[in-house]
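Open the model in your viewer and keep the sequence panel beside it. This tour goes from one selection to the next and says what is there.

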Amino acid sequence: MIGIVFIGDLKYCPYLAKYTNILDREKQEYEVLFWNREANSSRYADNYLSFNLKSKLNKSPIRKILDFMRYARWLNRKIKERAYDKIIVLSTLSGIIIFNLLTRKYKNKYIYDIRDYSYEHNKIFYWLEKKLIFNSYFTCISSEAFREFLPKNYNYKTVHNFNPKEISREYSFVKKEYGETLNLVWIGTVRYFEHQRQIIDKLKEDPRFNLIYHGSGPDLEKFKKYCESNNIKGVTFTGEYNNLEKPMLLKNADILNNSYKSNKDEKIKYAVSNKYYDGLIYKIPQLVETGTYKHKRVEAAKIGIGLDPNDKNFADKLYEYYFSIDEKQFNDSCNNNLNDILKEDEIYVQKILEFAYSSFN
């Protein structure tokens, strides 16, 4: 049986489905071990084992460390009890807290899935991570830019954050008439308040834009209170949604709000967000932050624009960008990028299948 390990609530781990869909289809037995940090009362299948300890993100560092230690003890004990044949490790930190088990008992018997910059600036952390990478069956990364901070001389596999079932030929970009109001749409976990506040402030009095936020998250109430206390109109919050509703929610999106924050944040600097794939699939031009790998990727592919909300001409540049888009070129660029992504995804899926069917002594 395969064990799948993750730190945190499953709603923040949509890429888990990438693995479970394949294992379900192949009728492979597995269990998912995760930390139910929000003490969510949702019911899961019997093969989902949760460590139920509420741990808020705004806890003090010391209390967070104590909570992590408790989860690490539980996780190590469960893995020993369940005696998995193989393990899939989702996130860098998940691997670090079971380092000894992985490198001693599961050498070359685990997949290491790296989704973010973590603490690679710390020499001890970097050494542990390097050991985990070189002892894995394979290690995958969700952004090519991760190669800049991860250990060199390793053949990382690329993993993309998208659902192939969402890809459809019916989606295409059709530009509005000049002068019409544009819907700038955010979809996903509502966060990065300070950065988004700047965007809201730049567009709040501008009749050329509507701002729409689909999703829940740690900053949602802060967003709402800010708009209410400042009597800001033209901003809509629709709350939590089911992923099946995504096509409907994005139907009237003119620009996808895929802008996070300053590239001084290492996690933002190197990452490719889920929204990047939403923009490609649903053929929606993207607004992204500046100075990041995502910015380079979006502008090189001609599928979006990077703008700094501190720019006094932010609104004008965003509006003019939209109406400068060549519809055919944009749709072709999205399709060409999707084709490349699908080819890389086939390689990644084959590696998972190879891992699932491998026999280890």
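The stops below cover a strand residue, a set of helices, a pair of cysteines, a second strand residue and a helix with its surroundings.

The model is predicted, so treat each stop as a description of that prediction.

**Stop 1: Tyr30**

Select residues 30-35, which form strand β2, and pick out Tyr30 within the strand. Is Tyr30 buried or exposed? Its relative accessibility is 7%, and because the cut-off for buried is under 20%, Tyr30 counts as buried. Now show what surrounds Tyr30. Leaving aside residues up to four places away in sequence, Tyr30 touches Met1, Ile2, Ile4, Thr20, Leu23, Asp24, Asn47 and Tyr48. For a sense of scale, add Pro151: it is 121 residues from Tyr30 along the chain, and their C-alpha atoms are separated by 30 Å.

**Stop 2: helix α6 against α12**

Two packed helices are described by the angle between their axes and the distance between the axes. Select helix α6, residues 193-203, together with helix α12, residues 314-324. Their axes come within 9 Å and cross at roughly 85°, which makes α6 roughly perpendicular to α12. To see the contact, show side chains for Ile199, Lys202 and Leu203 on α6, and for Phe314, Ala315 and Leu318 on α12. By class, the residues in this contact of α6 with α12 are 5 nonpolar, no polar and 1 charged.

**Stop 3: helix α6 against α7**

Keep α6 and swap α12 for helix α7, residues 220-229. At what angle do α6 and α7 pack? The angle is about 30°, with the axes 11 Å apart. Because angles under 35 degrees count as roughly parallel, α6 and α7 fall in that class. The crossing of the two helices, α6 and α7, is right-handed. On the α6 side, display Phe193, Gln196, Arg197, Ile200 and Asp201; on the α7 side, display Lys222, Phe223, Tyr226 and Cys227. The contact of α6 with α7 contains 5 nonpolar, 1 polar and 3 charged residues.

**Stop 4: Cys227 and Cys334**

Leave Cys227 selected and add Cys334. Cys227 has a relative accessible area of 6% and is buried. Cys334, with a relative accessible area of 0%, is buried too. How many disulfides does the structure hold? There are 0.

**Stop 5: Gly239**

Move to strand β10, residues 235-239, and select Gly239. This glycine has 14% relative accessibility, so Gly239 counts as buried. Not counting residues up to four places away in sequence, Gly239 touches Tyr213, His214, Gly215 and Ser216. Then add Ile341: Gly239 and Ile341 are 102 residues apart in sequence and 30 Å apart in space, C-alpha to C-alpha.

**Stop 6: helix α10**

Finish with helix α10, residues 274-281. Why is α10 described as largely enclosed by the rest of the structure? The reason is that 7 of its 8 residues are buried. Those buried residues of α10 are Lys275, Tyr276, Tyr277, Asp278, Gly279, Leu280 and Ile281. Now bring up what covers them. The cover includes the strands β8 (182-187), β11 (255-258) and β12 (286-288). It also includes the helices α8 (246-250), α11 (293-300) and α13 (327-357). Last, step just past the end of α10 to Lys283, which takes a positive phi of about 55°.

Methods
Residues are numbered from 1 along each chain as its sequence is written. This is a predicted model: local features need pLDDT of at least 70, side-chain atom pairs count only at pLDDT 80 or more; totals for chains, interfaces and linings use all residues. Side-chain values use heavy atoms; hydrogens and water are left out. Buried means under 20% relative accessible area, exposed over 50%, partly exposed in between (1.4 Å probe, protein chains only). Helices (H or I, at least four residues) and strands (E, at least two) are DSSP runs, numbered from the N terminus. Contact means heavy atoms within 4.5 Å. A disulfide is a pair of cysteine sulfur atoms within 2.5 Å. Axes are lines fitted to C-alpha atoms, for helices over the stretch in contact, and angles run from 0 to 180 degrees between N-to-C directions. Angles under 35 degrees count as roughly parallel, over 145 as roughly antiparallel, 65 to 115 as roughly perpendicular and the rest as oblique. Ala, Val, Leu, Ile, Met, Phe, Trp, Tyr, Cys and Pro count as nonpolar, Asp, Glu, Lys and Arg as charged, and the others, Gly among them, as polar. A crossing is left-handed if the near helix is turned anticlockwise from the far one by less than a right angle, and right-handed if clockwise.
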